[in-house]
Amino acid sequence: MTTTLYWISGSPFAWRAMLVLEHKGIKYESQRLDASKEEQKTAEFLAINPRGKVPALRDKDTTIYESLAIMEYLERIKPEPNLFGSSASESAAVKQCICELDNYTLRALMGIVQPVLFTDGTQALPDMKDAIVESHREFQFMEDRLASSDYLASDRLTAADFAFVPALEYVLRAADKQQISEDGFGFSPLGERYPNIAAWQGRMSTIPALAKAYPPHWRD
Ligand SMILES: N[C@@H](CCC(=O)N[C@@H](CS)C(=O)NCC(=O)O)C(=O)O
């Protein structure tokens, strides 16, 4: 085995890299790191990613970090099934969508996910107001896009769809913490406000890679 993925269960960035590995059927060795033991900050791992973050990928003599770089590398070493577009405009649409997700959508969603899932939950709901408004704006972008296309960046599955899966799962997980928000922050049930995203989620759920890359600690 020459390809190794370093990941932390539940990391949305590692999750998308694993989705691409699984979907392309690339054999890889799984190196799961335990964030509670700060295994991503050991000297051994810092030699792989000096930023001490996952995902990181090793393939023969190549070491890469940053999920977008990893996904694109995987596309280059195994071009099929194509996930990064087969024309200049389709490739640009895929990258544009992933950049939007990383620069706007994930940032907005973290304003909900972080206090709900990663703190003791005592942060007052009013403090999250801006993040909720911003997150809905981002979801509306996705909703509108999915009104005219079955997938986010093209009329077929691309890496952009895999990049959005973890973000959606996170916000739904936070939304289902009913003791904090009775209306699931307006995200749950998803189909009520965002029928196109819910339909997309249904299509995505049939892809075998999704079950394979689902965070193991969320299964329990
Ligand atoms: N821009 C990076 C983000 C990577 C990232 O933030 N990873 C987080 C997990 S989601 C991490 O490893 N955090 C551990 C830490 O910072 O100690 C990418 O796309 O790969």
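User: In this predicted model, which residues count as nonpolar, charged or polar?

Analyst: Ala, Val, Leu, Ile, Met, Phe, Trp, Tyr, Cys and Pro count as nonpolar; Asp, Glu, Lys and Arg count as charged; the others, Gly among them, are polar. By that scheme, the shell around the ligand has 4 nonpolar, 4 polar and 3 charged residues.

User: What makes a residue part of the group around the ligand?

Analyst: One of its heavy atoms must lie within 4 Å of the ligand. S11, P12, F13, Q40, K41, G52, K53, V54, P55, E66 and S67 are the residues around it.

User: Why is the pair between Q40 and the ligand called a polar contact?

Analyst: The cut-off for a pair of N or O atoms is 3.5 Å. A polar side-chain atom of Q40 is 2.9 Å from a ligand oxygen, so the pair qualifies.

User: What makes V54 and S67 pass that test?

Analyst: V54 uses a backbone N or O atom, 2.8 Å from a ligand oxygen. S67 uses a side-chain N or O atom, at 2.7 Å from an oxygen of the ligand. Both distances are within 3.5 Å, so both are polar contacts. The protein covers 75% of the 510 Å² of accessible area that the ligand has on its own.

User: Which pocket does the ligand take?

Analyst: The ligand takes the second largest pocket.

User: What lines the largest pocket?

Analyst: That pocket holds about 490 Å³ of space. It has 23 lining residues, with G10, S11, P12, F118 and Y170 nearest its centre. Two or more lining residues come from each of α1 (12-24), α4 (88-117), α6 (159-175) and α10 (216-219). The largest share, 7 residues, is from α4.

Conventions. Residues numbered from 1 in each chain as written. Predicted model: local features only at pLDDT ≥ 70, side-chain atom pairs only at ≥ 80, totals over all residues. Heavy atoms only, no water. Polar contact = N/O pair within 3.5 Å; in protein donor to acceptor, adjacent residues only side chain to side chain. Areas by Shrake-Rupley, 256 points an atom, 1.4 Å probe, with all protein chains shown as cover. 1 Å grid on protein atoms, 1.4 Å probe; cavity = no way out; pocket = protein on both sides within 12 Å on 5 of 7 lines; lining within 4 Å. Sits in = over half its atoms within 2 Å of the grid points. Points joined across faces, edges and corners; volume = space filled by probe spheres on them. Helix = DSSP H or I, 4+ residues; strand = E, 2+ residues; numbered from the N terminus.
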